[in-house]
Amino acid sequence: MQQQQKVAALSYSFPEEVLEHVFSFIDSTKDRGSISLVCKSWYEIERWCRRRVFVGNCYAITPAMVIKRFPKVRSITLKGKPHFADFNLVPEGWGGYVCPWIKAMAVAFPCLEEIKLKRMVISDDCLDLIAKSFKNFKVLVLISCEGFTTDGLASIAANCRNLRELDLRESEVEDICGHWLSHFPDSYTSLVSLNISCLANEVNFPALERLVSRCPNMHTLRLNRAAPLDKLANLLRGAPQLVELGTGAYTSEMRPEVFTNLAAAFSGCKQMKGLSGFWDVLPSYLPAVYPVCSRLTSLNLSYATIQSPDLIKLVGQCQSLQRLWVLDYIEDAGLDMLAASCKDLRELRVFPSDPFGLEANVALTEQGLVSVSEGCPKLHSVLYFCRQMTNAALNTIARNRPNMTRFRLCIIEPRTPDYLTLQSLDSGFGAIVEHCKDLQRLSLSGLLTDRVFEHIGTYAKKLEMLSVAFAGDSDLGLHHVLSGCDNLRKLEIRDCPFGDKALLANAAKLETMRSLWMSSCSVSYGACKLLGQKLPRLNVEVIDERGPPNLRPDSNPVEKLYIYRTISGPRLDMPGYVWTMEDDSAYLE
Amino acid sequence: MENSLGNHQTEMNLKATELRLGLPGSDEVEKLPCNFSVLRNNKRSSPEEASDVDSISKSKLNSSNGSSHTTNDDQDNAPPSKAQVVGWPPIRSYRKNSLQQKKGEEVGMYLKVSMAGAPYLRKIDLKVYKSYSELLKVLENMFKCTIGEYSEREGYNGSEFVPTYEDKDGDWMLVGDVPWEMFMSSCKRLRIMKGSEAKGLGCF
């Protein structure tokens with residue numbers, strides 16, 4: 001009791017301004033949340049000075065609630081559709097509309113500077129509203145978004161005098177006209193970061209050159225595929241201070257002066273640390289980037305369809321590399337070289353060059369990943385597509401890299417066993433979760449039984465996100481995960497024999513998680529109704545394109561299920577194939 | 001607050017090996033519900049027909065090469081080549097497209113299809129179909145409507161529903177007005193209109 005009184009006395013003895021000043025050094029959402037829980041006065045002080053808000057699920061809370069609690073927000077991040085939407089598992093029109101948020105914030109946050117969206121739908125009207133409502137608007141990041149056109153971008157360009165960052169990463173933009181870029185006025189010079197890599201058509205290149213050369217603080221520039229290589233040298237000369245560059249198509253008629261110009265331009269880029277782009281690579285042009293290779297920390301070659309020898313020549317020069325994204329053309333040989341040369345490597349992603357082919361088209365196996373895990377002591381984040389795997393290899397990787405935090409393995413053929421022993425890969429993944437105690441994210445593949453989930457439930461105590469496909473035998477598997485993974489926030493499952501029992505037995509767990517996705521599993525409509533009824537702080541969405549689920553027996557499994565915690569009740573913008581299970585108070589027969 | 005609903009907690013006997021689940025009704029002869037994991041196979045069937053499949057495999061080693069990977073072997077009638085499963089392998093579409101364009105392989109030609117009165121859009125891959133009659137049959141199945149016969153002079157006169165499309169120039173045309181190849185290359189999106197809506201079209 002005395003201790004509590006002491007704390008209370010202390011907190012009252014600090015003037016608000018001092019506390020506010022102290023809080024201003026704390027940016028992380030999690031820490032800010034902790035601060036707000038200390039006592040009422042800290043809650044009040046904190047909420048008035050919180051500048052950045054992160055909303056991991058735009059349907060978990062309403063705009064009004066956010067505005068009410070945090071009246072002085074300058075930066076907001078919102079996420080919409082579930083992750084599996086990336087792979088076409090969420091039908092068109094599901095939701096994730098940002099408009100209500102923008103409308104509310106246009107009134108409530110006139111000083112808003114940053115909007116960052118992921119997997120949301122944003123219209124041109126919304127972009128226009130943003131452009132005209134926030135006088136000091138600086139940062140617009142639209143990751144995997146859709147619903148807008150280059151007309152909306154024109155409005156942003158024309159009106160946002162203080163814009164610093166425009167990042168359209170992986171968004172689907174209807175490309176009406178490349179002249180939107182010309183809407184940046186001649187007096188505008190504050191651009192720092194521009195990512196237009198997702199645009200289908202050519203932008204007005206002279207306008208782009210002028211823009212880039214008049215913005216002295218340009219740091220990041222990611223062009224789209226249509227940006228011609230022979231114009232790149234000029235562009236670079238106008239911005240030798242660039243740190244991150246995404247080229248366009250890396251091909252041109254083979255002309256010596258284009259090459260020498262390009263090489264010279266790259267030589268002038270003394271700050272360059274990251275490269276990406278490289279569509280349609282002509283290998284003979286690659287040496288033009290050699291001048292910057294030794295300084296590169298990030299290299300994205302995941303569109304570069306060049307073969308292993310060329311890849312090896314390039315990557316072998318990048319001893320400072322921390323992040324590499326590449327196609328499986330790199331093969332085991334290339335990964336061996338990577339392991340030998342790039343001792344600072346932290347993140348590796350290997351994408352498949354022929355994902356739908358029946359046979360392997362490249363010599364990339366589990367061995368490549370094993371090599372890198374041996375040679376690169378800082379490697380902690382892996383995404384690896386391959387066609388074969390063994391428990392032994394996974395075991396070795398786990399023991400080599402106990403510092404692994406993100407491990408996503410995709411064996412292309414579902415339910416592929418250990419190719420040497422023909423057994424399941426339970427023990428291999430078991431080794432991963434057992435040895436990598438800080439594992440935050442895990443994606444499974446290959447032949448897996450309930451045992452792997454038992455291992456995960458037992459060991460993966462720090463796991464926050466788990467992706468499962470074509471795995472498991474019974475509800476026991478799901479039960480292990482839900483009951484064992486203390487820090488689980490996101491769980492996404494497809495094509496697994498998981499049904500009602502595990503869900504209902506662990507219903508309370510669902511309120512501690514951000515979301516659960518299950519598609520092509522065995523969860524019945526009746527169980528969905530029950531969950532929806534009994535857990536009012538969950539939205540239980542049944543997604544079923546066969547029509548209303550109440551026209552079929554309660555025991556009939558639903559096609560897709562998306563459960564997320566929320567304090568704003570069922571949403572009102574659902575399309576015709578989504579039904580929210582009502583809670584008891586609103587339940588109608 | 002209870003951890004679970006009903007008696008389910010006690011049913012989760014962790015040591016039990018007899019806890020097995022089948023699909024509801026799997027012991028009976030009733031037809032299994034459609035499962036949309038299979039997007040297409042070599043059969044030119046509509047999406048609803050394409051899958052009498054059970055994507056949930058209980059057997060341990062189910063890896064006979066060449067069978068569809070969303071079926072139990074005994075149910076598999078699919079042709080030897082692999083059926084494509086929706087969303088697998090998990091690669092973003094822009095990656096798939098960028099690879100395919102390079103190799104000159106057939107890229108899927110996904111178009112949005114809307115219908116008057118239906119609250120949501122569908123997408124179809126136009127490359128899968130070889131003729132208007134195939135396409136129309138699929139649309140009829142997809143939207144549970146009857147479209148009727150096309151005639152050059154009368155369009156779809158008398159039909160309750162009329163298939164139309166927007167072409168490259170932004171004009172709305174009747175499906176069937178131009179040769180199939182021209183349609184394939186100029187169609188931007190499809191819309192099934194009510195007969196009354198479509199009266200102005202097709203009078204060429």
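Q: Does A:S373 count as buried or exposed, and at what relative accessibility?
A: In this predicted model, A:S373 belongs to helix α15 of chain A, which covers residues 366-375. Buried means under 20% relative accessible area, and A:S373 therefore counts as buried, its relative accessibility being 0%.

Q: Which residues does A:S373 touch, when residues up to four places away in sequence are not counted?
A: A contact requires heavy atoms within 4.5 Å. With residues up to four places away in sequence left out, the residues that A:S373 touches are A:L379, A:I397, A:N400 and A:R401.

Q: How far apart are the closest N and O atoms of A:D573 and A:R571, and which of these residues is buried?
A: Side chains of opposite charge can pair when their charged atoms come close. A:D573 and A:R571 form a salt bridge, with 2.8 Å between the closest N and O atoms. A:D573 counts as partly exposed because its relative accessibility is 26%, whereas the buried residue, with a relative accessible area of 6%, is A:R571.

Q: In which helix do A:D310 and A:K313 both lie?
A: A:D310 forms a salt bridge with A:K313, and the closest N and O atoms are 3.9 Å apart. A:K313 counts as exposed because its relative accessibility is 51%, the cut-off for exposed being over 50%. The two residues are three residues apart, about one turn of the helix, and both lie in chain A within residues 308-315, that is, in helix α13.

Q: Why do A:E257 and A:R255 count as partly exposed?
A: These residues form a salt bridge, in which the closest N and O atoms of A:E257 and A:R255 are 3.9 Å apart. Partly exposed residues lie between the cut-offs of under 20% for buried and over 50% for exposed. A:E257 therefore counts as partly exposed at a relative accessibility of 42%, and A:R255 does so at 29%.

Q: Which residues are linked with A:D27 in a network of salt bridges?
A: Over all chains, the structure holds 36 salt bridges. In the network that includes A:D27, the linked residues are A:R52, A:E114 and A:K116.

Q: What is the approximate area of the nonpolar surface patch to which A:F14 contributes?
A: A:F14 is found in the loop of chain A between α1 (2-13) and α2 (16-23). A:F14 counts as partly exposed because its relative accessibility is 43%. Together with A:V18 and A:V22, A:F14 makes a nonpolar surface patch of about 240 Å².

How values were computed. Residues numbered from 1 in each chain as written. Chains lettered and ligands numbered in written order. Predicted model: local features only at pLDDT ≥ 70, side-chain atom pairs only at ≥ 80, totals over all residues. Heavy atoms only, no water. Patch = residues over 30% accessible without salt bridge, like charges linked within 9 Å, V, L, I, M, F, W, Y side chains within 5 Å. Areas by Shrake-Rupley, 256 points an atom, 1.4 Å probe, with all protein chains shown as cover. Salt bridge = Lys/Arg side-chain N within 4 Å of Asp/Glu carboxyl O. Helix = DSSP H or I, 4+ residues; strand = E, 2+ residues; numbered from the N terminus. Buried < 20%, exposed > 50% of the residue type's maximum accessible area, 1.4 Å probe, protein only.
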